Amino acid sequence: MSDPCIICVAITGSVPTKAANPAVPISVSEQIESTHAAFEAGASICHAHVRNADETPSSDPEKFAALQEGVIKHCPGMIIQFSTGGRSGAGQARGGMLPLRPDMASLSVGSNNFPTRVYENPPDLVDWLASEMRTHEIKPEIEAFDLSHIHKAAEMNRDGRIPGQLYIQFVMGVKNAMPVDRPTFDFYIETVKRLAPDAQWCAAGIGPNQVVLNEWSIAAGGHTRTGLEDNVRWDKETLAPSNAALVQRAADICEKHERPVATPAQARQILGLRPA
């Protein structure tokens with residue numbers, strides 16, 4: 001297998017704190033520095049959240065703008081993907097940064113359970129976020145926390161609400177949502193190939209399952225996600241030293257399976273994105 005593998009680094013998220021791991025970047029300047037190191041290690045997508053000074057999640061477009069400016073400056077060609085996730089805001093505030101026209105944005109197309117809450121993605125909000133992404137020529141990354149989300153994304157692709165080639169990320173290992181289960185993972189791939197034959201897919205594992213999903217997705221020909229948002233540990237005894245270290249581990253798995261790590265230019269071509 002020689003197809004390039006896109007590595008996405010989820011640098012911060014809305015939950016991990018410096019108390020959990022001092023390497024978690026909180027300020028915009030810390031995030032830019034951490035993203036640059038991850039870029040140098042092989043990441044071609046930066047999945048970005050922003051935080052307030054007290055480490056609480058934010059949906060402030062000004063913070064997103066500053067982060068975008070820094071990543072463009074220090075990581076030439078890197079794909080910038082903003083999160084529209086529900087932990088950072090409510091309702092249309094979740095898409096308030098989309099007029100900044102990042103290359104990509106995450107899009108959850110259905111609701112599901114999270115560790116302590118219901119992750120609500122009502123149809124009207126999903127349609128509004130998808131409409132904003134079309135307006136600003138942003139490619140959605142479908143975050144599939146459940147099988148039904150793959151079916152919904154394919155439906156939205158067929159009727160034009162999500163135009164072009166789909167990019168679907170399987171998220172496994174969230175407590176109370178889809179567990180890490182190999183037959184389910186294989187069925188996800190089969191379902192994507194059946195419903196959207198031209199789609200590209202990726203996989204993300206939460207906590208100790210991060211490296212498991214890195215291995216599965218790379219070996220199966222998909223793309224992969226890593227980073228401190230999803231996992232603050234290297235192993236049971238050791239904290240992850242940095243986002244860059246987690247990216248390097250994913251790159252090493254690519255080498256093991258004889259897959260080149262996609263450059264930003266290759267990733268843009270694979271995903272059908274505009275040039276940097």
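# A guided tour, starting at G160

Select G160 to begin: this glycine is partly exposed, with a relative accessible area of 33%. The model in your viewer is a predicted one, so please read every stop on this tour in that light. G160 sits in the loop between helix 4 and strand 10, the latter spanning residues 167–172. Now add R134 to your selection and draw a distance: the C-alpha atoms of G160 and R134 are separated by 9.7 Å, although the two residues are 26 apart along the chain.

**Stop 1: M133**

Step back to M133, which you will find in helix 3 (residues 123–135). Is M133 buried or exposed? With a relative accessible area of 1%, M133 is buried, because the cut-off for that label is anything under 20%. Show what surrounds this methionine: leaving out residues up to four places away in sequence, M133 touches T84, L98, A105, S106, L107, I138 and P140. For another distance, pick G95, whose C-alpha atom is 8.9 Å from that of M133, with their positions 38 residues apart along the chain.

**Stop 2: P140 and L107**

One of the residues that M133 touches is P140, so select P140 next; its place is in strand 9. This proline counts as buried, at 10% relative accessibility. Which residues does P140 touch, not counting those up to four places away in sequence? They are M104, A105, L107, M133, I162 and Y167. Take L107 from that list and draw a line between C-alpha atoms: P140 and L107 are 33 residues apart along the chain and 5.8 Å apart in the model.

Keep L107 selected and display its own surroundings. Neighbours within four places in sequence aside, L107 is in contact with T84, V126, L129, A130, M133, P140, E141, I142, E143 and I162.

**Stop 3: the nonpolar cores**

L107 also leads into the largest nonpolar core, which has 58 residues. Colour the residues with the most contacts inside this core: M78, L107, I142, L166, I168, F170 and F185. Which element gives the largest share of this core? Helix 7 does, with 6 residues. Apart from this core lies another one, of 11 residues; I6, C202, L271 and L273 are among them. As background, nonpolar side chains tend to be buried together in soluble globular proteins.

**Stop 4: helix 6 against helix 7**

Now show helix 6 (residues 210–220) together with helix 7 (residues 243–256). Their axes lie 10 Å apart and the helices pack at an angle of about 35°. Look along the crossing and you will see that helix 6 passes helix 7 in a right-handed manner. To view the contact, turn on side chains for Q210, V211, N214, E215 and I218 in helix 6, and for L246, R249, A250, I253, C254 and K256 in helix 7. Sorted by class, this contact has 6 nonpolar, 2 polar and 3 charged residues.

**Stop 5: aromatic rings**

How many aromatic pairs does the model contain? The count comes to 9. For a close look at one of them, select F114 and F145, an edge-to-face pair with centres 5.5 Å apart and 65° between the planes. This pair links distant parts of the chain, since 31 residues separate the two: F114 lies in the loop between strand 7 (112–113) and strand 8 (118–119), while F145 lies in the loop between strand 9 (139–144) and helix 4 (147–158). F114 counts as buried at 7% relative accessibility, and F145 is buried too, at 6%.

Then select F170, F185, Y188, W201 and W216, which form one aromatic cluster. Two of its members should ring a bell: F170 and F185 were on the list for the largest nonpolar core.

**Stop 6: three loop residues**

Finish in the loops, with S59 between strand 4 (57–58) and helix 2 (61–74). This serine is buried, with a relative accessible area of 18%. Residues up to four places away in sequence not counted, S59 touches F64, S88, G89 and A93.

Most residues other than glycine have a negative phi. With that in mind, select R101, whose phi is positive, near 55°. R101 lies in the loop between strand 5 (79–82) and strand 6 (104–107) and is partly exposed, with a relative accessible area of 34%. Then go to E258, where phi is likewise positive and near 55°. E258 is placed in the loop between helix 7 and helix 8 (264–271), and this glutamate is exposed, with a relative accessible area of 63%.

Technical notes
Residues are numbered from 1 along each chain as its sequence is written. This is a predicted model: local features need pLDDT of at least 70, side-chain atom pairs count only at pLDDT 80 or more; totals for chains, interfaces and linings use all residues. Side-chain values use heavy atoms; hydrogens and water are left out. Axes are lines fitted to C-alpha atoms, for helices over the stretch in contact, and angles run from 0 to 180 degrees between N-to-C directions. Helices (H or I, at least four residues) and strands (E, at least two) are DSSP runs, numbered from the N terminus. A crossing is left-handed if the near helix is turned anticlockwise from the far one by less than a right angle, and right-handed if clockwise. Contact means heavy atoms within 4.5 Å. Ala, Val, Leu, Ile, Met, Phe, Trp, Tyr, Cys and Pro count as nonpolar, Asp, Glu, Lys and Arg as charged, and the others, Gly among them, as polar. A nonpolar core is a set of buried Ala, Val, Leu, Ile, Met, Phe, Trp, Tyr and Cys residues joined through side-chain atoms within 4.5 Å. Buried means under 20% relative accessible area, exposed over 50%, partly exposed in between (1.4 Å probe, protein chains only). Rings of Phe, Tyr and Trp (its six-membered ring) pair if their centres lie within 6.5 Å; planes under 30 degrees apart count as stacked, over 60 as edge-to-face and the rest as tilted.
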